[in-house]
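Here is a short report on two topics: one helix and its surroundings, and the way two chains are related. Look at the structure first, then read on.

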2 protein chains.
Amino acid sequence: MTHSDRPRPGAGLEAFFAARGIAVVGASEDYTKIGGRPVHLLRKYGYAGAIYPINPKGGEIQGLPAYASVRDTPQAPDMAVVAVPARAAVEAVRDCAARGVRAVVMLSAGFAEAGPEGAEMQAEMVDIAREAGMRLLGPNCLGTVSVAEAAIGSFSVVLEEYMPSAGDVGIVSQSGNVGSFAMQNIVQRGLGVSRFIATGNEADVDVADGLAALVDDPATRVILCVMETCRDAGRLIEALELARTRGKPVIVLKIGSTEQGQAAAASHTGALAGSDAVIDAVFRRHGALRVHSIEALLDVAHAASQLMPHRLPKGNRVALVAASGGFGIMMADAMANAGMRMPALADATRERIRAALPGAGTNNPVDASAQVSSRPEILLSVLSALMDDPGSDATLLFLSLSLYNSRLRGVYMQALAQVREAHPEKLLMVISRGPADAVAEINALGIPVFPTIDAAAQGLAGLVRLGGLATQPAPLGCRGAAAPLPAEVFRNEYHAKKILAAAGVPVLDEAIATTADDAARHAARMGWPVVLKIVSEDIAHKTEVGGVELNLASEDAVRAAYARILARVAERAPGARVEGVLVAPMARGGTELIMGVSRDPVFGPVVMVGMGGIYAEVLKDVAVQVAPVSEDEALAMIRGLKLFALLDGARGQARADVQAAARTVARLSEFACRHAADVAEIDMNPVLVKPEGEGVVVLDALMIPPREPQSVH
Amino acid sequence: MTHSDRPRPGAGLEAFFAARGIAVVGASEDYTKIGGRPVHLLRKYGYAGAIYPINPKGGEIQGLPAYASVRDTPQAPDMAVVAVPARAAVEAVRDCAARGVRAVVMLSAGFAEAGPEGAEMQAEMVDIAREAGMRLLGPNCLGTVSVAEAAIGSFSVVLEEYMPSAGDVGIVSQSGNVGSFAMQNIVQRGLGVSRFIATGNEADVDVADGLAALVDDPATRVILCVMETCRDAGRLIEALELARTRGKPVIVLKIGSTEQGQAAAASHTGALAGSDAVIDAVFRRHGALRVHSIEALLDVAHAASQLMPHRLPKGNRVALVAASGGFGIMMADAMANAGMRMPALADATRERIRAALPGAGTNNPVDASAQVSSRPEILLSVLSALMDDPGSDATLLFLSLSLYNSRLRGVYMQALAQVREAHPEKLLMVISRGPADAVAEINALGIPVFPTIDAAAQGLAGLVRLGGLATQPAPLGCRGAAAPLPAEVFRNEYHAKKILAAAGVPVLDEAIATTADDAARHAARMGWPVVLKIVSEDIAHKTEVGGVELNLASEDAVRAAYARILARVAERAPGARVEGVLVAPMARGGTELIMGVSRDPVFGPVVMVGMGGIYAEVLKDVAVQVAPVSEDEALAMIRGLKLFALLDGARGQARADVQAAARTVARLSEFACRHAADVAEIDMNPVLVKPEGEGVVVLDALMIPPREPQSVH
């Protein structure tokens, strides 16, 4: 199985969604068994196509004629659901291929997750499927459900109790159980589901397939994704880009964000975990909204489903209102923590509120006092004033107990319905934890309801990000592989910097001297003072062997220093091969950054930029992104550093040339991308960022080749 | 009204809780009015004492004889509830005092929150109450409810619908609405309430009173507190210490934690906000558990009510189990983020799990697979093995859909009941979001149930803190005011350091020279090299006027530097009064800290310690605590710094003498406390922390007197 064999993400998945005819291999009379359940569910929920129970015994199963093999079915089913032991399952896939089945759902376990023998059988299945142009979901998965079509290839426990109602939320999940849980929660919220896809071992169909198919699916308006691990970076990015360019929101719960969680994920999926920071950056760049809990996943998916495509907030300015000051304070805390802004209300807005409610506090949050609900017209006036406020992108109303009180509930419902009608475009949201029927009633008005203040703040911030995706520029692609690098770039800093300079990375004007006179001549040309550094691939720490002399201000000083360096190195590192002594101008002033490239096991070359120095190192104050990055992306990475203020004129210092730093990161990233095959790691440390307009300069650089000797040229 | 007039926290509040006889001033026939509601509620919920409606019209109100004034009641009521306009309310308080009422609940608004006139009336009421030995709750408050006694002095909307059941959770809240919301939530969770106290304007009774009274109250086992602002630091600390020493858990939702939230709080309460970091430190030191949402408040209060007094976790090691790997990963992420540890299970535990369930993953989190619920005895074996594991303090079970499935629900309930019975002492917790009746059933077993993974992780971390309070040492007190400081300490660093040295803060051996020879003589005594610094109260930035010379290694060098300094200062700061030139040994090596003292508007002198240098300044990497702090507390503050690794041997550096640094912070804090009246601010920057065993030394210090001239001596 090679990557190039694989169909493009999403190809052929419509055969799962709208299967004309479904065979169930391993069908059983007992519908509590995995093989019995699909037949039972297809009938129970009214699947309109033909159902073919497959069982070597033949006869009748759950009232339907059974067949000994898929090969025997009167017509070729589009989809086959397989629930027989692994060895028999491989044969079933062969039968499916022979019969012209287009999509196989492999519920059975005992494959790659069970050991090498299982992995071999899994590979065999994939070969059969690819050969036949069939898509294979699983194995070891919870399968798929298309709700409107009642096309069910799953034994999810949720379906034991009820079928979700048809709706516009599509679910793709690696974990069947987490996906099922999400589906059940969606149903409980009164939302509908379009498709459910659980990918399990991802032998063929992976999360990227599911994402891409849901982007193409007209029944799906919002995509909800649960990921444990990414097995193929290119396909994931391709699918995310498809969603981004089509404007279909993808909300991702990527679990395993901590070291402990990743350890648990590794033991569960057996897949190699990439860096969480890298995949986080990938989601951000390619337009997916990452959340960190099932609750946030559902909250945002629910609101997005209500607000798509025109009512997502256009910015992060929110007007807050509660009937009590205490709740206003909590809302302000939560919004500030979520990065939302609470601008002062316009004078006209404040006057309208005061006219309706003389006792109200008209700061933002508005303290509307209990009087606001004394009459529906007061509430209506206050909410209308806020909805008309030109300085906010959304209005958020907190309701604590009011909906539990039958008198107040009526007042609120009436006002909310009127405000919603009068302001069809602007976002109004409510925070309330119940009662459930009141929440459903508000949701039915098209007003998103969040259960808690924190959920509303985080959710609103997420919706703002989704609302801004349309204006997000398309990410860069790699311009293709460059000619292989000469081996010398891995030997010392001089050659590493030379090759980086050719790629547009600013370095000092340096030279390698092999005699003292040579050194003095180079120095005189460069201007004073200069530094000398020993050049030897055998010496990692130049200072420790006395291989560095700083601040040399004359030709004589250079000659003397040259001699001292060679003498010390000869004494302290007698076996070292010495290529010469590096002469460089002594750079001073500016702020130190570090920049670098590493190789993520999933996403390949990753560019990094961080503050220099030991403080920043202890803080891990770095930003990462998959290479290449644009200058704008690099700028955003730098601006996001915790210590960015140090570059931005903190404590009255000159502002640093951040633009030049960003340009350097971008060029480094392009270099890394074009040399992905022959460079494993690049460290540029320190990179001196000079005052605005004066640029940056890389003082030291190191390149490390990949471990496999054959890819070093 | 002065502080000394005020009764000790909690004194006299039993008159609210167990009032024999309640008068309602402003009683009305209409029970939807504020004055009508208490009479209605007292009757509806079966208050057993006498109810005296007070109304100038006399006659009958809600079937009870009404009186024109509290003075006319046949017996003196313990409590009077007042709901008449402000002016009349003051008279009512006077009547209450004359009649011998012990506790007044002032529901009326229009006092301090309404302006200066209202503030005057409020002060008048307090004077009357203090004079008569009455306690006054409010004004502008939602009053109080004692559930078992049905002693109600409140118009909370919650009581319109039902009375909470009597239980052991006491609520004290500044915000009536937030307190009511909490009460309603507690009821919905099936928990009972002992008392509800909403303090409003806090003219007399404040949160500290409420806390102390609930500590004394045998009906209350867990105290839930909502605070917007602290008006009296001493009383708050006294009440928190009472709770801590009696071992009664206090869980606090202090709102207004961000700048934006504090702005909202200031406009709502009119009270001065102290620093959030300071009050956070106060809660931590005095044993209160601070939470950051209503949901967390309720989750922890609920669990604490179930686990008090013997089942709180003894440490932060947790064993996790779920029927699916995906949920395990999420649990591991959440626990890691909450600071919990997930140690590997003992071999015996793993063997027992494998014996019961051959397919289970026996790492921690345990991946028990769906098979775990196939038979009750399997589940029981797995849970029992985890509860017996010697390496964990708690076991946490995640349930997603199982409780919604009638078949699985029975399996889980049976196993949970058996495990609980077999392990009466060890903590077992469940994560489940429903259904509500199943959650109630698990709670009834004494097993805390959290609704989400994040809530469980944060909640468990909170319970661990509550469980550790018993071993927390008592905080230090201030040893009393010291003799006033001489004015010269505010004049220059030399005198500031001298007085700090006398308090045990290590400084250099320094001297002020007034001639070049003088300087050279001092330097020779100190050893080489030395530094010279100009001493002038008119020069804030010594370096900028050329007032500093470093690294002087001989008497001649000192004499020459002395002359240069005086010449430059004469030229660049011609009007400056010069006291002399400071001679000090040149300190080198070590890591820089900053230490200081500032004055919090609420809590008084606060000691601060942080990493030195511009990086740390930009990061605001500091810890604060109200002075004085013990050496152990100071050590914990230093260890909590983000950049602590720099003191702890990061990058192969020598470990710094953190103990000496802590000792210095403790001494500085004691000094600040004893000089609270005459020092507003102290800055020690930098403080050089040398390698372990070599101590610290303060290189520069500055003291600033309070603004009021009379308190400077």
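## Terms and basis

Buried means under 20% relative accessible area, exposed means over 50%, and partly exposed lies in between (1.4 Å probe, protein chains only). Helices (H or I, at least four residues) and strands (E, at least two) are DSSP runs, numbered from the N terminus.

This is a predicted model: local features need pLDDT of at least 70, side-chain atom pairs count only at pLDDT 80 or more, and totals for chains, interfaces and linings use all residues. Residues are numbered from 1 along each chain as its sequence is written, chains are lettered from A and ligands numbered from 1 in the order written, and side-chain values use heavy atoms, without hydrogens and water.

## Helix 16 of chain A

Helix 16 of chain A spans residues 436-444. Its buried residues are A:Ala438, A:Val439, A:Ile442 and A:Asn443. They cover an arc of only 140 degrees around the axis (directions from the helix axis to the C-beta atoms), so they sit on the same side of the helix. The face turned away from that buried side carries the exposed A:Ala436 and A:Ala444.

The buried residues pack against helix 11 (294-307), helix 15 (406-422), strand 18 (427-431) and strand 19 (449-450) of chain A; contact means heavy atoms within 4.5 Å. A:Gly446 follows helix 16 of chain A, with a positive phi near 85 degrees.

## Two chains, one axis

A turn of 180 degrees and a shift of 0.0 Å along the axis lay chain A on chain B with an RMSD of 0.1 Å. That is the relation of a two-fold axis. The superposition is by least squares on C-alpha atoms of residues with pLDDT of at least 70 in both copies. Of the residues of chain A, A:Tyr615 comes closest to the rotation axis, at 3.4 Å (C-alpha).
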